[in-house]
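Grab your favourite viewer and work through a few exercises on helix packing, burial and backbone oddities. Try each task yourself before reading its solution.

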Amino acid sequence: MRRGVLSAAAMAAVAVFLLAGAHPKPGTPLWPGSHFTIEQRDQAIRRGLDFLYYQIARDPEAFAHWGHDLLFAFGNIAATSSDPALQRRAREMGHERALEWNRLHPSLPPDYDESVVGDLVSGLDSVERLAAPSPTLRRQLEAAAPRFSAVDYLWFDPKVEGPPAGIPELCAKCSRQNDRGAIQCTRCGAKLTIRSRYDIYQDALITSYTGDRARIMLGAHYRDVLKWLPALRPYPPPGSNEHEYYAGIYAITHVVYTYNEYSQYRISQSCFPQEFDHLRAHLRQAAADQDPETMGEFLDSLRAFGLDFNDRLIRTGIEYLLASQNRDGSWGEQAGVSTYSRYHPTWTAIDGLRNYRWEQVLPCPGL
């Protein structure tokens, strides 16, 4: 299922804008004939970043639950943007929130499990990169992380198998996490929904990458997870099973993110040709579905593969995002959705719009 779509009113507004055209404000067009200027694009990014900080990250309840992810967003924007002003603003926001995260998480709680360890390792890595180290928590996490296995963290051991089928979602009725292979909840008897292998793989990429980056292994090394990518091909097309299609897209974008250190490096199209072709073939689907969240992931992934503003697909995606920003600076639905569905589409849209300071082209992994 898509992680966020626009309301019907917003869909209509975007359609009217794109079909009827718009009168651009004074400034430098993004490209000849663009509806938008560079100045408008930069302002949209700043408004999105302000939304993330003031409306989400500074909300105590939201930050208590999603602080580790928000810190990663601020830190990554600061580390990879080519705009010095955007770098500075994201770093200042991130550093201030990193100090608050350290106050909230001075040590490992006594009732921790593998999920708590994983979130804290992610947060610890971000606060260290935002110049707010937490040496006590690091020592505790280094001791606690090996107490859990690869299966605990990832649902499978990538040294012996690829991402498996048969992993159930949390029970929709009682929230119990049932064991692999269960189709009926052992607590309440409700029928269980089975997770996509693409979802399992995406989570495993993120978790193993996070552990390697933080130098605290979370069950397995990233290279052991990445090697299973060929087993996920070919990817589900749109139109048959919507959840499987989007799960496949997110698995691909997170291969890109984790392999190129979240947009620090470019990747040759020859390294992941099936993944590049699949993204390029289906970018317009995100616009058709009025899905700014996924559009952001399409754009920064394809740009990591070398596409730029000269490419018609990239222009389509950029103009769609600029036309669909909400008045409060966010993207996506504004009411009746989770905190994650408020901030994550905004983060991905910012990343789809902003310019990067790519360092080099990475060698291929040799899968």
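The exercises below all use this predicted model.

**Exercise 1. Work out how H2 and H3 pack: what is their angle, and which residues make the contact?**

Step 1. Start with the geometry. Helix H2 covers residues 38-57, and its axis runs 11 Å from that of H3, at an angle of about 160°.

Step 2. Turn the angle into a word. Over 145 degrees counts as roughly antiparallel, so H2 and H3 are roughly antiparallel to each other.

Step 3. Check the hand: H2 passes H3 in a left-handed crossing.

Step 4. List who touches whom. H2 brings Leu49, Leu52, Tyr53, Ile56 and Ala57, while H3 supplies Ala62, Phe63, Leu70, Phe74 and Ile77.

Step 5. Sort these by class. The contact of H2 with H3 has 10 nonpolar residues, with no polar and no charged ones.

**Exercise 2. Zoom in on Ala57: is Ala57 buried or exposed?**

Step 1. Place the residue: Ala57 sits in helix H2.

Step 2. Look at accessibility. Ala57 has 0% relative accessibility, and therefore counts as buried, the cut-off being under 20%.

Step 3. See what surrounds the residue. Setting aside residues up to four places away in sequence, Ala57 touches Leu52, Phe63, Leu70, Phe74 and Arg97.

Step 4. Get a feel for distance along the chain. Ala57 and Arg47 are 10 residues apart in sequence, and their C-alpha atoms are separated by 14 Å.

**Exercise 3. Do the same for H10 and H12: at what angle do their axes cross, and what classes of residue make up the contact?**

Step 1. Find the helices. H10 spans residues 242-259 and H12 spans residues 292-304; their axes come within 10 Å and cross at roughly 40°.

Step 2. Name the arrangement. Angles under 35 degrees would count as roughly parallel, but the crossing here is at roughly 40°, which makes H10 oblique to H12.

Step 3. Add the hand: H10 passes H12 in a left-handed crossing.

Step 4. Pick out the residues. On the H10 side you'll find Tyr245, Tyr246, Ile249, Tyr250, Thr253, His254, Val256 and Tyr257, and on the H12 side Thr294, Glu297, Phe298, Asp300, Ser301 and Ala304.

Step 5. Sort by class: the contact of H10 with H12 has eight nonpolar, four polar and two charged residues.

**Exercise 4. Follow Asn76: which side chain does the side chain of Asn76 make a polar contact with?**

Step 1. Locate Asn76 in helix H3, residues 60-80. Asn76 is buried, with a relative accessible area of 7%.

Step 2. Go through the neighbours. Beyond residues up to four places away in sequence, Asn76 touches Glu261, Tyr262, Asp351 and Arg354.

Step 3. Single out the polar pair: the Asn76 side chain makes a polar contact with the side chain of Arg354, at 3.2 Å.

Step 4. Now hop to Asp351, in helix H14 (residues 339-353). Asp351 is buried too, also with a relative accessible area of 7%. With residues up to four places away in sequence left out, Asp351 touches Asn76, Ile77, Asp300, Arg303 and Tyr356.

**Exercise 5. Hunt for unusual backbone geometry: what are the phi values of Glu261 and Tyr262, and which peptide bond is cis?**

Step 1. Recall the background: most residues other than glycine have a negative phi, and most peptide bonds are trans.

Step 2. Read off the two phi values. Phi of Glu261 is near 55°, and phi of Tyr262 is near 50°. Each is a positive value in a residue other than glycine.

Step 3. Add the setting. Glu261 is in the loop between H10 and strand S1 (266-267), and Tyr262 is found in that loop as well. Glu261 is partly exposed at 28% relative accessible area, whereas Tyr262, at 12%, counts as buried.

Step 4. Find the cis bond: Arg233 to Pro234, with omega near -5°. Pro234 belongs to the loop between H9 and H10.

**Exercise 6. Trace the side chain of Trp228: which backbone oxygens does the side chain approach?**

Step 1. Find Trp228 in the loop between helix H9 (222-226) and H10. At 24% relative accessibility, Trp228 is partly exposed.

Step 2. List the contacts. Neighbours within four places in sequence aside, Trp228 is in contact with Pro158, Val160, Glu161, Gly162, Pro163 and Tyr201.

Step 3. Look for polar pairs. The Trp228 side chain reaches the backbone oxygen of Pro158 at 2.7 Å, and a polar atom of that side chain lies 3.2 Å from the backbone oxygen of Glu161.

Definitions and conventions
Residues numbered from 1 in each chain as written. Predicted model: local features only at pLDDT ≥ 70, side-chain atom pairs only at ≥ 80, totals over all residues. Heavy atoms only, no water. Axes fitted to C-alpha atoms, helices over the stretch in contact; angles between N-to-C directions. Helix = DSSP H or I, 4+ residues; strand = E, 2+ residues; numbered from the N terminus. Parallel < 35°, antiparallel > 145°, perpendicular 65-115°, else oblique. Left-handed = near helix turned anticlockwise from the far one by under 90°. Contact = heavy atoms within 4.5 Å. Nonpolar A, V, L, I, M, F, W, Y, C, P; charged D, E, K, R; others polar. Buried < 20%, exposed > 50% of the residue type's maximum accessible area, 1.4 Å probe, protein only. Polar contact = N/O pair within 3.5 Å; in protein donor to acceptor, adjacent residues only side chain to side chain.
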